[in-house]
Amino acid sequence: MKQGYVQVYTGDGKGKTTAAVGLAMRAGGAGRKLSMRAAAAGLRVYFCQFMKYGPTGELDAFRLFGDRIVAEQFGTGGELSAPDPEDDAQAARRGLAAAREAVLGGAFDVVVLDEANVADSLGYFEPDALVDLALERPETVELVVTGRGASGTLMAVADLVTEMREVKHYYEEGVIARRGIEF
């Protein structure tokens with residue numbers, strides 16, 4: 001890729017991770033015998049999930065791409081049900097170190113930091129760590145950062161910012177997360 005950009009997907013609405021997963025699948029798919037082959041670019045993708053632990057639909061889908069999409073999770077599994085700020089922060093910092101290596105190491109064209117804005121807004125990273133990474137990234141690396149609560153500083157240095165806004169959600173009617181749709 002000649003020119004990469006910094007993209008931020010934030011806001012209280014649904015769709016931030018879904019948008020990043022779609023981008024990762026398009027980027028990583030060429031050269032594989034997949035139905036989307038013609039539309040995919042064959043780029044190497046690193047998909048780093050913060051605040052998440054365990055099986056998800058996106059991880060299942062990424063396995064179809066072989067080594068074109070490398071996905072890792074840096075969560076404790078208890079962030080929502082039984083948060084432990086110290087353990088959660090340690091996991092997030094491990095993820096940020098891995099993401100930093102992916103961005104600067106030369107092995108990946110696209111790096112997605114899923115839910116990194118949440119970890120940042122909870123104070124799990126050093127101040128401006130995401131901004132610094134965005135500014136230090138090689139110009140050929142596309143960096144995508146998702147999650148609610150993106151900092152104003154990160155949005156200012158980003159090339160693209162999309163804010164998802166919830167207008168209506170069936171969760172309000174008692175519908176729980178469904179496998180294959182929400183996770």
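In this predicted model, six strands form an open sheet in the order S3-S2-S4-S5-S1-S6, and the pairing is parallel. The edge positions go to S3 (69-74) and S6 (160-163); each of these strands has a single partner, so one side of each is left without a neighbour in the sheet. From one strand to the next, the twist averages 10°.

Starting from the S3 edge, S2 and S3 are held together in the parallel sense by 6 bridges, and valine 45 has isoleucine 69 as its bridge partner in S3. S2 also runs parallel to S4, with 5 bridges joining the two. Here tyrosine 46 is partnered by valine 111 of S4. Moving along, S4 pairs with S5, again in the parallel sense, over 4 bridges, and leucine 113 sits opposite valine 145 of S5.

S4 deserves a closer look. Of its 5 residues, 5 are buried, so the strand is mostly covered, a label that rests on the cut-off of under 20% relative accessible area. Val110, Val112 and Asp114 point one way from the strand, while Val111 and Leu113 point the other way, and all are buried.

Now for what fills the space around these strands. The largest nonpolar core has 33 residues, and those with the most contacts inside it are Tyr46, Phe50, Val111, Leu113, Phe125, Leu130 and Leu143. At least two core residues come from each of S1 (6-10), S2 (45-50), H3 (85-104), S4 (110-114), H4 (116-121), H5 (129-136) and S5 (142-146). H3 gives the largest share, with 7 residues. Phenylalanine 50 shows what a spot in this core looks like: leaving aside residues up to four places away in sequence, it touches Phe74, Ala92, Gly95, Leu96, Leu113, Asp114, Glu115, Ala116, Ala119 and Phe125. A second core, separate from this one, has 18 residues, among them Ala24, Val45, Phe47 and Phe65. In soluble globular proteins, nonpolar side chains tend to be buried together.

H3 turns up again in the helix packing. This helix lies across S2, S3, S4 and S5, and runs at about 165° to S2. H3 also packs on H5, at an angle of about 10° and with the axes 10 Å apart, which means that the two helices are roughly parallel. The crossing of H3 past H5 is right-handed. On the H3 side the contact is made by Leu96, Arg100, Val103 and Leu104, and on the H5 side by Ala129, Leu130, Leu133 and Glu136.

As for H5 itself, its buried residues are Ala129, Leu130, Val131, Leu133 and Ala134. These buried residues pack against S1, H3, S4, H4, S5 and helix H6 (152-157).

Two loop residues have backbone angles worth a mention. Methionine 51, in the loop between S2 and helix H2 (57-62), has a phi near 65°, a positive value in a residue other than glycine. Aspartate 128, in the loop between H4 and H5, likewise has a positive phi, of about 65°, although it is not a glycine. Their surroundings can be set side by side: methionine 51 is buried, with a relative accessible area of 17%, whereas aspartate 128 is partly exposed, at 38%.

Methods:
Residues numbered from 1 in each chain as written. Predicted model: local features only at pLDDT ≥ 70, side-chain atom pairs only at ≥ 80, totals over all residues. Heavy atoms only, no water. Core = buried A, V, L, I, M, F, W, Y, C linked by side-chain atoms within 4.5 Å. Buried < 20%, exposed > 50% of the residue type's maximum accessible area, 1.4 Å probe, protein only. Contact = heavy atoms within 4.5 Å. Pairing = 2+ DSSP bridges. Axes fitted to C-alpha atoms, helices over the stretch in contact; angles between N-to-C directions. Parallel < 35°, antiparallel > 145°, perpendicular 65-115°, else oblique. Left-handed = near helix turned anticlockwise from the far one by under 90°.
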